[in-house]
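Me: I'd like to learn how to read a structure feature by feature. Could you walk me through this one?

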Amino acid sequence: MSIIVQKFGGTSVADSEKILAAARKAIRTQKKGHQVVMVVSAMGKNTDELVRLAREITEEPAAREMDMLLSTGEQVSVALMAMAIHSLGHQAVSLTGAQIGIKTDSSHTKARIQSIETDRMRAVLDAGKIVIAAGFQGIDEDFNITTLGRGGSDTTAVALAAVLGADACEIYTDVDGVYTTDPRVLPEARHVARISYDEMLELASVGAGVMHSRSIEFAKRFSVPVHVRSSFSDTPGTMIVADPEAPDQPVCGAAMLKNEARVTVLGVPDRPGAAITVFSKIAAMNVTMDMIVQNVGADGRADISFTVLRDDLPATLKAVEDATRELGAEGFNCDGEVSKISVVGMGMATQTGVADRMFRALAEKGINILMISTSQIKISVLVTRDVAPEALRTVHEIFGLETEPASLEAGGGDGPTEPHQAAAAANAVASIQGMEDLVIDEITLDASDARITLAGVPDRPGLAARVFEEIAAGGIVVDMIVQSIGWEGHANISFTVPRKDLDKCIALTTELASRLGCSAPTSSAAVAKLSVSGIGMRSHTGVARRMFSSLAEVGINVEMISTSEVRVNVVVDAAQGEKALAVLKKEFTDVTV
Ligand code: ADP
Ligand code: ASP
Ligand code: MG
């Protein structure tokens, strides 16, 4: 018999009427001949309220007790949902994470799922009852209650769908699907019928709060088709599946992370292992770094810039102060009033000119770009917080996201596209331990590029647009771009170009540098880009750190870095490329599939 998992978010169970409406939906599905598992979030803003209560008592509540507290929100919902189904004359059993047997590690407030028992759920389903599972929670090996991180009920739902080999995982929420950007921020955002796992993963990680990004990791790993739709209407929602809606479209969505902070460590001696000192100290504070950008300076010193959540800034600065002293770096600075705007799209990987279009559009609005980081299917820029909404609107408009792409692939619409594949994949793994472990699927080496760095460029709106437009006008295709704030309002820009175009590009940028009044570009004639891709790349904060320390151990210096949700890219000297590839393959043997 087919199994359908239906997840109801906070607003969808905010009061008794909504709980009854959700119960009716599940009953209708059961009547169509399916077995139904409901996953339920805490009612309305209940979790926020619990967090507030804890903070009223103490600024630093113990994480274990926080989980004990937060898990109660979902417990209320499952009990009420079971009562609602009973009152409608049907049978249902509510189960907590522990009762189901959702085993997690012990990292309270951000636990990862290790395994899920299916026996009890199957017994309830086979008895003709609806299973009502509490979202967002699990239990560690010592029977402590754990939670999966805010928004984690999505992850519970997709994980249950995976282990049960469900035919569909439906996410009922307060919007009727995934939009090209948050429709509450930009009313002109367009509803998308279909989006690929990779695109949704990147979008979720750069601010599209509609799905918990780890739920998409599960969906991708176990081929679970996810259907995001409205609790309050029957319109078709958005299918999250393997293939994109329009593969040729360079950009499928945009997102904003409003409360970010930028930190730059200046003048770090450019030698193997320097970056890792900074990263380890920050990781030790339990802070996740993002948008890591390293630029080699002309004088053998590097600047390392990165962003962290605004709330993590105080802890980060402590770590950075320490690292600066230890490394003999020149100093550091930070800016707590910045936001990150990103665009994501599969088509970007094969098309040129996407980045400079974005930079030009922002320049025309007079918006200054503080930092840039590009990866295969994502471009992120950092801007000051006051202009962030305008920057989001600008990029949404320049890529025409409000209009439907011309080249829609067939196969979208509602309804799962590949249910049986999902069931097969899930059955194969249902018994595996470590469901949310890091998985590396590919480590590649591309040794065909050269690197160019423009240092000390006057930092003003339009700078990046000008640089990359002139390079594009010279017929040169730019691959990886990183820009960071240097010192005193001067920016450093590094990028890679095909080796055959190096001389032309040096000539072009030397001329440009003299017009801009900055020093001549520096370059590496032959660099190698190593790219590690997989699942859990960012939420497992250790990936970048493991890459850098394994490379540093054999004396390989990292010249450029860019990270994304599915990939970490590093650029090293081409002569070291093969060696670096071997080192990374060895480093990640235990997690490579
Ligand atoms: P739930 O409580 O059901 O899990 P969430 O609040 O977590 O709901 O997620 C739904 C919200 O996500 C929407 O109300 C919307 O404002 C926001 N959102 C952010 N980005 C997007 C996007 N790209 N598409 C749709 N909704 C988005
Ligand atoms: N109730 C939890 C939260 O608000 C989990 C969820 O809703 O997904 O974060
Ligand atoms: Mg949510």
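What follows is a conversation about helices, strands, pockets and cavities.

Me: What should I know before I start reading?

Reply: This is a predicted model, where local features need pLDDT of at least 70, side-chain atom pairs count only at pLDDT 80 or more, and totals for chains, interfaces and linings use all residues. Residues are numbered from 1 along each chain as its sequence is written, chains are lettered from A and ligands numbered from 1 in the order in which they are written, and side-chain values use heavy atoms, with hydrogens and water left out.

Me: Let's begin with a helix. How many residues of α7 are buried?

Reply: Terms before the count. Helices (H or I, at least four residues) and strands (E, at least two) are DSSP runs, numbered from the N terminus. Buried means under 20% relative accessible area, exposed over 50%, and partly exposed in between, with a 1.4 Å probe and protein chains only. In general, an α-helix has 3.6 residues a turn, so residues three or four places apart point the same way. Here, helix α7 (residues 197-205) has 8 of its 9 residues buried, so it is largely enclosed by the rest of the structure. The buried ones are Y197, E199, M200, L201, E202, L203, A204 and S205.

Me: What do the buried residues of α7 pack against?

Reply: Contact means heavy atoms within 4.5 Å. By that test, the partners are β10 (194-196), α8 (213-221), β12 (238-241), β13, β16 (331-344) and β18 (378-384). Have a look just past the helix as well: α7 is followed by G207, whose phi is positive, near 125°.

Me: Now sheets. How do I read the strand order?

Reply: Strands of a sheet pair through backbone hydrogen bonds, either parallel or antiparallel. For the bookkeeping, two strands pair if DSSP finds at least two bridges between them. One case is an open sheet of 8 strands, with the order β3-β6-β2-β1-β9-β11-β12-β10 and mixed pairing. Its edge strands are β3 (92-95) and β10, each pairing on one side only. From one strand to the next, the twist averages 20°; axes are lines fitted to C-alpha atoms, for helices over the stretch in contact, and angles run from 0 to 180 degrees between N-to-C directions.

Me: How many bridges join β11 to β12?

Reply: There are 3, and strand β11 (residues 226-230) runs antiparallel to β12. To find your place, H227 stands opposite M239 in β12.

Me: And β18, which α7 packs against?

Reply: 6 of the 7 residues of β18 are buried, so this strand is largely enclosed by the rest of the structure. β16 pairs with β18 in the antiparallel sense over 7 bridges, and β17 also pairs antiparallel with β18, over 5 bridges. Try following V381 in β18: I341 is a bridge partner of V381, and I372 stands opposite V381 too. β17 and β18 form a hairpin with 2 residues between them.

Me: Which strands pair with β24?

Reply: β22 is joined to β24 by 7 bridges, running antiparallel, while strand β23 (residues 560-563) is joined to β24 by 4 bridges, antiparallel again. Use N569 in β24 as your landmark: S531 stands opposite N569, and so does S562. A hairpin of 3 residues joins β23 to β24. Strand β24 (residues 567-573) has 6 of its 7 residues buried, so it is largely enclosed by the rest of the structure.

Me: Is S524 in β22 buried or exposed?

Reply: S524, which lies in strand β22 (residues 522-535), counts as buried at 13% relative accessibility. Leaving out residues up to four places away in sequence, S524 touches A450, R451 and E559.

Me: Last topic: empty space. What separates a pocket from a cavity?

Reply: On a 1 Å grid over the protein atoms alone, a cavity is a set of points where a 1.4 Å probe fits but cannot get out, whereas a pocket is an open set with protein on both sides within 12 Å along at least five of seven lines; lining residues have an atom within 4 Å of a point. The second largest pocket has a volume of about 480 Å³, volume being the space filled by probe spheres set on the points, which are joined across faces, edges and corners. It has 25 lining residues, with M348, Q351, T352, V478 and D479 the closest to its centre. α11 (354-364), β17 (371-375) and α14 (463-473) each supply at least two residues of that lining.

Me: And how many cavities of 30 Å³ or more are there?

Reply: The structure holds 3. The second largest cavity has about 110 Å³ of space and is lined by 18 residues, with R271, G273, A274, A275 and N557 nearest its centre.
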